[in-house]
Every structure is written in structure tokens, then in C-alpha cells.
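Please look over the model shown here. The report below covers confidence, the ligand shell, a helix pair and backbone geometry.

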Amino acid sequence: MEKIKMGIVGAGIWGETHAHIYSTCEHAAVVSVCDRNLEKANEFASKFGIKEVYQDYREMAAKSSCDAVAIVTPDYLHADIAIAFAEAKKHLLIEKPLATTREDVYRMMESIDRNGVRAMVDLHNRWSPPFHAVKNEIASGNYGKAVNAYIRLNDTKYVPTKMLSWAAKSSIIWFLGSHSLDTLNWLLDDVPEEVYCISHKGLLQSMGVDTDDVFLSTIQYKNGAIAQMENGWITPLGNSCINDFKFNIVLEKGKFDIDASSHNLVKMTSEERIITPDPMVSNHILGNGKGLLMRAYAALWISSSAVRNFMCLLRTLCAYLWHWYVFSSPPGTAVRFKCIFDKSGVPQGSGERGHEQLRR
Ligand SMILES: NC(=O)c1ccc[n+]([C@@H]2O[C@H](COP(=O)([O-])OP(=O)(O)OC[C@H]3O[C@@H](n4cnc5c(N)ncnc54)[C@H](O)[C@@H]3O)[C@@H](O)[C@H]2O)c1
């Protein structure tokens, strides 16, 4: 059976997750990797048995035999790379956030449209079992309409100060706010009409990372529901999970709460600290990447042995995943993205600096 040939741009932490997943998929194979750090790309290639190694993504776009490419570079570097591969007629799985400026989103949309390639953003929370349980109950209608929701998705300081060398060129609103907003929109089945956001800056700056500490966003949805979103990069290092992820939603006749981190599903205690990893998101079984990431990526590749099938599957998934953002389109044409806060071409609401950042 023919395998879908994947390329990966970005041989970093998350690029490894992609490689593990595709290597586990029966009907996918990673054929090329690119990293601007050639040594890293070579190490990555030998670890995963990848034959084609590139240092320049433009060269990879021109020469690689891949059918589709996963773009796993820092947040602010997705746009030009996605466009280069779209121009080379490669399908795209782009890491979240799609981009960090509106101009980049429009440039990407134009290229994706014109070249008739498929595009999907990795917002894998839509495969999370607890969120699905809630989604199904809301959809049943038994609890009435959603009135208000709250989502908190924070990271410990480790992420901006140690894990990501490029944190100052992004922010927690891009890094985790993208997941949070997508989850809210999906569960509330709507898009925001108005957003007010404030942010705090200073703590990370004092630690040498010039980015905001935390964003608090209040969101009014078109259907009348309201939501609050908290995204911070300053949770203390002692937190038992790298994420601090909580969610609740109040409906006319019910309420649901999710504790998606530090839930003690697994608890590991050393002489120094307690750790509560989240095996639902990421884990390894017999050396293979599993968890909900696997579900998300596998849904893309499994049961598809040829690019034609892959395109159909991807279109269906894109329509499902992006819901209000993305219009499904006839076979052979491109997915069309809608900008989150710019449905009519005019930014909604008014606000201050944090608000500006959300609307960009
Ligand atoms: N979906 C999720 O839950 C999730 C989780 C973690 C990270 N991510 C996303 O994945 C992306 C990568 O994050 P990471 O943690 O792996 O970062 P990382 O810094 O570990 O890796 C990024 C890699 O990209 C390489 N790179 C940078 N510019 C390049 C270029 N022009 N061409 C080729 N390679 C280039 C770097 O050398 C580095 O190896 C980010 O957008 C991040 O937000 C998503």
C-alpha cells in the first residue's frame, strides 16, 4: 500500500513528536526533514531513518519528494515556509498558531487558495477525550444553551525561560491562547463578536525574556454566550504539571468542569517534587508516540493510502476542525480561512494593548 510521504520543517521538540507519530502510522512515512541547524537536522534524520536532509526550506520545497509537510518552526516563522511549500504544491499541516500577524494569515490564505493545496492547523485539543465528553453533552441539547465558559491554559515559567529560545518573539496568547480560543469556539459553536483583553508584563522581562506574563481576555460571542480566557507563562516551576489547564462551562440547565492538568491520573514522587504528567496528551507505549496527539495526527493519515484519499480526508477534517474559520470546498480547490476577529474585514470591538495583540 502506498504511503503518504511526509516532510518536517523544524527538528525541534515538537518536530520530534510529529516524527514519532508519522513513524507509528502504518500509511505514512517521513521522507525529508529540514532545520536551519544542519547538525540538528542530521541527528533527527538518523534517529528517525529519514533519507532527505535540508538546511534551507526553499531547497526542500523545490526538491523534496514529500506529498505533504508539517511546519514545526517557531510561531513567528510559519508563514513564509507555508507559502514556499504551497507554491511547490505540497499539502500543509501547520503548527499552531497559524501565524502571528494578520498580514501573514492573508498571505498564506492567498497562496493556499491559488495553489489548490490543503491546509490544517494542529489544534489537537479537539481530540481530547474529556472535552469530547462535554462537547457531546452540549450537542445533546439536554442542558440547554451555553451561558458562560472559563478556560485557563497556562504554562510554568520553564517554557518561556528554558524550553523555548524564541519566547520573546512570541507570547503566551499565540502559544496557548490559540488552543484556548479554538477550544472555546468549538464548544460554544460560535465565533467571538467582541473581545476585551488586558495583559501584564514585567516578571518575564525581569528574567531576560521580553514578552508578556499573562493575558486575561473577556469574550462576547455572537450567540450571546460569554467567556473568559486566562493565558499565562508564569506558573511557578513547582507546579506538578508543565500546564495548568482548567475549564468549566455553565449552561441553562447544567454545568461541566474539566481538570485537564494536575489531575493526579498519574502521580510521580521523587525526592525533589511531585510530577503529574498528562498521558492523555502525550505518552509513549513500546517506544511509539501515543496519546491524543496520535489520535489527531492518525486521523489525518490512517485509512488513506494515496494522496487523493488524503486530500478528501484532510478536507473533511479541515471543515470539522476549523468549523467557522474554514469553508469546506469542492475537491481540488483550496480551503478558505476566515480570520478570527475579522469576519467582515473590520476588527470587532475596541480595547487596549492586549486587545490589539489578540486582533492582530
Ligand atoms: N500543538 C501543540 O500543542 C504544540 C506544542 C508545542 C509546540 N508547538 C508549536 O510547534 C512549533 C515549534 O515548537 P518547538 O517547541 O518544537 O520549538 P523548538 O525551538 O524546539 O524547535 C523549532 C525548530 O525550528 C528550527 N527552525 C527555526 N527556523 C527555521 C527555518 N527557517 N527553517 C528550518 N528550521 C528552522 C529551529 O532550529 C528548531 O530546531 C511552534 O509553533 C510551537 O508553538 C505546538
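Residues 301-360 have pLDDT under 50 throughout. The model has 110 contacts beyond four places in sequence for this stretch. Here pLDDT is the predictor's confidence in each residue, from 0 to 100, and two residues are in contact if their C-beta atoms, placed from the backbone, lie within 7 Å. Over the chain, mean pLDDT is 84, and 79% of residues reach 70 or more.

This is a predicted model: local features need pLDDT of at least 70, side-chain atom pairs count only at pLDDT 80 or more, and totals for chains, interfaces and linings use all residues. Numbering runs from 1 along each chain as its sequence is written.

**Ligand shell.** The ligand is surrounded by 25 residues. Near means a C-beta atom, placed from the backbone, within 6 Å of the molecule. Gly-10, Gly-12, Ile-13, Trp-14 and Glu-95 are the closest. Helix H1 (residues 13-24) gives the most, with three residues. Helices (H or I, at least four residues) and strands (E, at least two) are DSSP runs, numbered from the N terminus. Domain 1 (4-123 + 287-337) and domain 2 (129-278) each supply at least three residues to the shell; the bounds come from an automatic or database domain assignment.

**Helix pair.** The axes of H4 (residues 78-87) and H5 (residues 102-115) come within 9 Å and cross at roughly 10°. Axes are lines fitted to C-alpha atoms, for helices over the stretch in contact, with angles from 0 to 180 degrees between N-to-C directions. H4 and H5 are therefore roughly parallel, a label for angles under 35 degrees. H4 contributes Ala-79, Ala-82, Ile-83, Ala-86 and Glu-87 to the contact. H5 contributes Asp-104, Arg-107, Met-108, Ser-111, Ile-112 and Asn-115.

The table sorts both residue sets by class. Ala, Val, Leu, Ile, Met, Phe, Trp, Tyr, Cys and Pro count as nonpolar, Asp, Glu, Lys and Arg as charged, and the others, Gly among them, as polar.

| Set | Nonpolar | Polar | Charged |
|---|---|---|---|
| Ligand shell | eleven residues | seven residues | seven residues |
| H4 with H5 contact | six residues | two residues | three residues |

**Backbone.** Lys-96 and Pro-97 are joined by a cis peptide bond, with omega about -10°. Pro-97 lies in the loop between strand S5 (91-95) and H5. Asp-189 has a positive phi, near 55°.

Notes. Parallel < 35°, antiparallel > 145°, perpendicular 65-115°, else oblique.
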